[in-house]
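Hi everyone, thanks for making the time. I'd like to walk you through one model today, going from helix packing to a few single residues.

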Amino acid sequence: MSTSRTSLRKIAEQTGVTRMAVSLALRGKPGVSESTRKNVLRVASRLGYEPDPELAKLLTHIRMRTRSETKASLALLTSGPHRAAWQQSVTERKYVEGAQARAKEYGYRLDEFWMNEPGMSLARLGNIIWSRGIEGVIIAPLQGKLSETESRTLDFDFAPFSSVEISETVEQPDLGRAIHDQYTSMLKVLAELTKANYRKIGLVLEAALDQRVNGKWTAAYLYFRQVHGGKSLSRPLLLDAPNQRAFDKWFDCHHPDAIISVDRLALRLLERRGVAIPREVGYATLDLDEHDAGHQRVSGIDQNSRLVGAAAVDMLVAAIQRGERGLPKQPLRTEIEGTWVAGKTTLRMRPARK
């Protein structure tokens with residue numbers, strides 16, 4: 001069997017181009033014309049060319065060492081009313097921490113670019129990023145409350161770059177994404193509360209937050225309700241904003257013995273109502289912050305957000321090494337599952353008498 005080195009030489013001889021041009025064409029790199037690329041791929045296919053995986057590993061190692069010395073950059077594109085808006089979210093800070101740590105392992109640093117910089121168009125921003133020799137961009141979650149009427153289109157020229165999004169707040173264009181598995185997390189919470197013998201479980205969310213995860217929380221909740229019977233799960237309460245009156249009305253109607261929520265929304269509403277947690281009502285969150293003093297005693301899902309950020313960098317570096325530029329023909333998804341953490345806001349209830 002021919003080695004990949006011999007195959008490259010044979011392809012070069014039969015196409016009349018250099019081995020470097022053959023290498024660029026096979027890896028999808030710029031530097032050769034489209035006609036040359038097609039001709040090289042046609043001849044390589046006819047000759048049965050197969051890349052040497054050990055050689056590819058060596059080249060990757062060399063590239064990583066070179067990047068470690070030169071400190072090449074990846075671009076982190078953030079949004080919001082001010083440059084540090086994303087830092088107000090614990091989850092998004094963890095995304096960036098995870099991405100920074102993984103980028104460093106590959107020999108990159110992560111440079112932040114604020115997409116809402118006054119006087120800065122996205123076209124100009126793209127040119128700046130390209131002029132700095134940056135090959136890959138990561139889109140951080142869009143800031144602000146999302147709604148069905150709000151545009152979630154990002155008018156950025158992705159053609160020169162490899163790209164990936166953290167979360168799924170951008171609808172258009174359709175990018176590769178690293179996301180937390182919100183659907184499975186809801187099912188995990190419901191399974192844990194059911195196992196603890198809670199029998200009247202409720203869901204209280206701000207509608208905009210469910211919109212940020214494309215309705216996966218309510219979808220999983222309603223699926224579980226359908227499969228396990230409507231009597232155990234009440235109708236979800238989706239609020240435009242924290243509303244004590246609406247919550248009290250819903251609570252008096254359904255009399256839940258446990259409530260699922262996020263960002264401590266229902267926790268605060270229960271406390272204002274004077275409900276004892278967990279003696280009267282259990283509480284679980286869908287996004288636990290173990291470093292927040294107010295969350296250290298709360299039961300819920302650790303979304304493993306640093307792993308989500310790290311996964312985004314894994315996807316991006318792989319795309320760069322494959323020479324994939326522009327919008328993907330078939331966007332890929334990497335989903336990270338959350339971990340249930342039993343805190344002090346839930347109890348193991350006594351089984352209901354039959």
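**Helix contacts and buried residues**

Let's start with a pair of helices: Q182, Y183, M186, L187, L190, A191 and T194 in α7 meet K216, W217, A219, A220, Y221, Y223 and F224 in α9. Sorted by class, the residues of this contact of α7 with α9 come out as eleven nonpolar, two polar and one charged. Please keep in mind that this is a predicted model.

Now the geometry. Two packed helices are described by the angle between their axes and the distance between the axes. Helix α7 covers residues 182-195 and helix α9 covers residues 216-228; they pack at an angle of about 40°, and their axes are 8 Å apart. That angle is why α7 is called oblique to α9: oblique takes in what lies between the 35 degrees limit for roughly parallel and the 65 degrees where roughly perpendicular begins. As for handedness, α7 and α9 make a right-handed crossing.

Here is a second pair to set beside that one. Helix α10, residues 244-254, and helix α11, residues 265-273, have axes that come within 10 Å and cross at roughly 80°. With that angle, α10 and α11 are therefore roughly perpendicular to each other. On the α10 side, the contact is made by Q244, F247, D248, F251 and D252, and on the α11 side by L269, L270, R272 and R273. The class count for the contact of α10 with α11 is four nonpolar, one polar and four charged residues.

L269 gives us a nice bridge to a strand, as L239 touches V204, L205, E206, A207, A246, L265 and L269, leaving aside residues up to four places away in sequence. L239 itself lies in strand β7, residues 237-239. Is L239 buried or exposed? It counts as buried, because its relative accessibility is 5% and the cut-off for buried is under 20%. One of its partners, E206, is 33 residues away along the chain, and the C-alpha atoms of L239 and E206 are separated by 4.7 Å.

On to two loop residues. T169 lies in the loop between β4 (162-166) and β5 (177-180). With a relative accessible area of 1%, T169 is buried. What does the side chain of T169 reach? It reaches the backbone nitrogen of L142, at 2.9 Å.

The other loop residue is D287, in the loop between β9 (282-285) and β10 (299-302). D287 is buried too, with a relative accessible area of 13%. Its side chain makes a polar contact with the side chain of T91, at 2.4 Å. D287 and N304 are 17 residues apart in sequence, with 9.3 Å between their C-alpha atoms.

One last residue, back in a helix: A25 lies in helix α2, residues 19-26. At 2% relative accessibility, A25 counts as buried. How far apart are A25 and G323 in sequence and in space? They are 298 residues apart in sequence and 9.9 Å apart in space, C-alpha to C-alpha.

Let me finish with the whole chain. The protein has twelve helices and twelve strands. Of its 354 residues, 47% are buried. And if you take contacts between residues at least 6 apart in sequence, 71% of them join residues at least 24 apart. Thanks for listening!

Technical notes. Residues numbered from 1 in each chain as written. Predicted model: local features only at pLDDT ≥ 70, side-chain atom pairs only at ≥ 80, totals over all residues. Heavy atoms only, no water. Helix = DSSP H or I, 4+ residues; strand = E, 2+ residues; numbered from the N terminus. Buried < 20%, exposed > 50% of the residue type's maximum accessible area, 1.4 Å probe, protein only. Axes fitted to C-alpha atoms, helices over the stretch in contact; angles between N-to-C directions. Parallel < 35°, antiparallel > 145°, perpendicular 65-115°, else oblique. Left-handed = near helix turned anticlockwise from the far one by under 90°. Contact = heavy atoms within 4.5 Å. Nonpolar A, V, L, I, M, F, W, Y, C, P; charged D, E, K, R; others polar. Polar contact = N/O pair within 3.5 Å; in protein donor to acceptor, adjacent residues only side chain to side chain.
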